[in-house]
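Open the model in your viewer and keep the selection box ready. This tour gives you a selection at each stop and tells you what is there.

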Amino acid sequence: MEATLPRTGGVYSPPAGTKGVSNTTIQSVPYNALVDDLTADANAARPITAGGTGATSASVARTNLGLAIGTNVQAHDAGLQSIAGLTTAADRMIYTTAADAYATTALTPFARTILDDSDAAAVKSTLGLAAIASSGSAADLGSGTIADARLPSSMGGKTFTGDVQFTEGVDFGSAVAASSTDLSRHLALWGTNYGFSITSNTLNYVSASEHVFHSGTNEVARISSSGALTLETALAVSEGGTGATDAATARSNLGANNASNLTTGTLPNARISGAYDGITTLSTSGKITTTGNEIEISGGSPRVRFSDTNTDAYDFWAYVDSNRFYVLADRDNSGTWETPHALELNASSNVGYLFGSQIITAGNYDGLGITPEARSIAAGNGLTGGGDLSANRTLTLGTPGNINNSTGNSVTSTSHTHALGFTAAEVHQGTGVNDTNLPIGHVISVFFSRAINRNATTTIRLYNNTVDYDLGGTGSILTGTWRARGAASENRQIFQRVA
């Protein structure tokens, strides 16, 4: 039902007559109507005038309150958030470092005088370049120098009245002189009589007559008109000469008369005699022979290499390292040996290896778990065969004896028997009607006049006929111990010999 509570400025108040009065009866109709109105009002949106939003959703509430995002208030923006986090100061401006990311940088008063210029001419005026900008002439440059980058890479027809210094040399390009005396290109020192030219890959010195070189007032050398060079003083060894004017002095100055200075070539046999040491590499195309009985090679881990020049041949080394002697092999022509080594002998442990496997000797049979041929296998009791281990040997088990309840564990040179380990039933092979020694395990049916409890023992006799056995009477007693095994019929029981 619709609320009937009156409002004043949107605020509800109870109507007259709805409040209870002491000692009066509360009428159900107006009371129930009031409760229904209160319930409806509590479930309805609270109007703005009553402190609510007049809405049942957040978006409508923002609209009612004049806070609609994008209409009444600015929506959240990452860029604005970044700007809000900046610390600003005088003469600084903001700029972007990435999408929605801002930072600050300096903006000086001078920079602002350029930023407020409306065009390039105004900027040039601010920078003091108005005259050059207007005339376009280098003549308006009143001070300073032009940077190298502003000069052309090629200039022609220029005359320099002062000294010209080149800090990185002079490049004459690809042009060459027409002849060795042509100084129209490249460097002319005095007219066309003296200078330097290049023809093809040759540097030419052009001289109209003999040319003398001085160091101060002292003559150093001279070049004749024919091109012959004469040095005033012999060129020193340190300068690439011999420091001498004759061959003997030249050899002495160059150390050519001292064999210790020889670094290349070989000496003929006639120049070698006596004993020598300090040889690091000795090569020969023939064989080396000695009349002595030993060739000694000493040094740390000495070795001798045997290099076979035949196709697909391996190189080998004889190699000593500490207490071990090796024979090494280069199996893949790599220039170095590989493992496992062809041979390794350990003088300390007296152990050797052949291609990684230990060599068998009389002293290491047991250590390697190997049995020598000299050992033999003997056939023990009950076995035949055997012999030394030079061939395969067979041990044959002798034919065993029969086993019964009375046999024991025993052995002979060719046979053996065993104890049965339990009492076995045997088959009686006798034929006499009066046999009393029946085998253990034998079962019989006995006539009785009195019953015997199961598994109880008793004496059993032959009956006075040739058919039955009896528990009484005077017949011959059966040998051994007999136990009852149950009834066979009304007056018969089953018995079994157990001992």
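The stops below take in a helix, a sheet and a nonpolar core of this predicted model.

**Stop 1: helix 1.** Select residues 28-43. This is helix 1, with 16 residues. From first C-alpha to last, helix 1 reaches 22 Å, close to the 22 Å expected at 1.5 Å a residue. Now colour Leu-34, Asp-37 and Asp-41, which are buried. Look down the axis of helix 1: its buried residues fall within an arc of 65°, so they line one face. An α-helix has 3.6 residues a turn, so residues three or four places apart point the same way. Turn to the face away from the buried side. Val-29, Ala-42 and Asn-43 sit there, exposed.

**Stop 2: the open sheet.** Show strands 11 to 16. These six strands form an open sheet, ordered 11-12-13-14-15-16, with antiparallel pairing. Which strands stand at the edges? Select 303-306 for strand 11 and 357-358 for strand 16. Each has a single partner strand, so one side of each is left without a neighbour in the sheet. Next, select 343-346 and 351-354, which are strands 14 and 15. They pair in the antiparallel sense over four bridges. Zoom in on Asn-346, which stands opposite Val-351 in strand 15.

**Stop 3: the largest nonpolar core.** This core has 13 residues. Select Ile-444, Ile-460, Tyr-469 and Phe-495, which touch the most other members. Strand 22 (443-447) and strand 26 (482-489) each supply at least two residues of the core. Finish on Ile-460. Leaving aside residues up to four places away in sequence, its contacts include Val-446, Leu-471, Ile-477, Leu-478 and Trp-482. Asp-470 and Ser-476 are also among the residues that Ile-460 touches.

Conventions:
Residues numbered from 1 in each chain as written. Predicted model: local features only at pLDDT ≥ 70, side-chain atom pairs only at ≥ 80, totals over all residues. Heavy atoms only, no water. Pairing = 2+ DSSP bridges. Expected span 1.5 Å × (residues − 1). Buried < 20%, exposed > 50% of the residue type's maximum accessible area, 1.4 Å probe, protein only. Arc of directions from axis to C-beta. Core = buried A, V, L, I, M, F, W, Y, C linked by side-chain atoms within 4.5 Å. Contact = heavy atoms within 4.5 Å.
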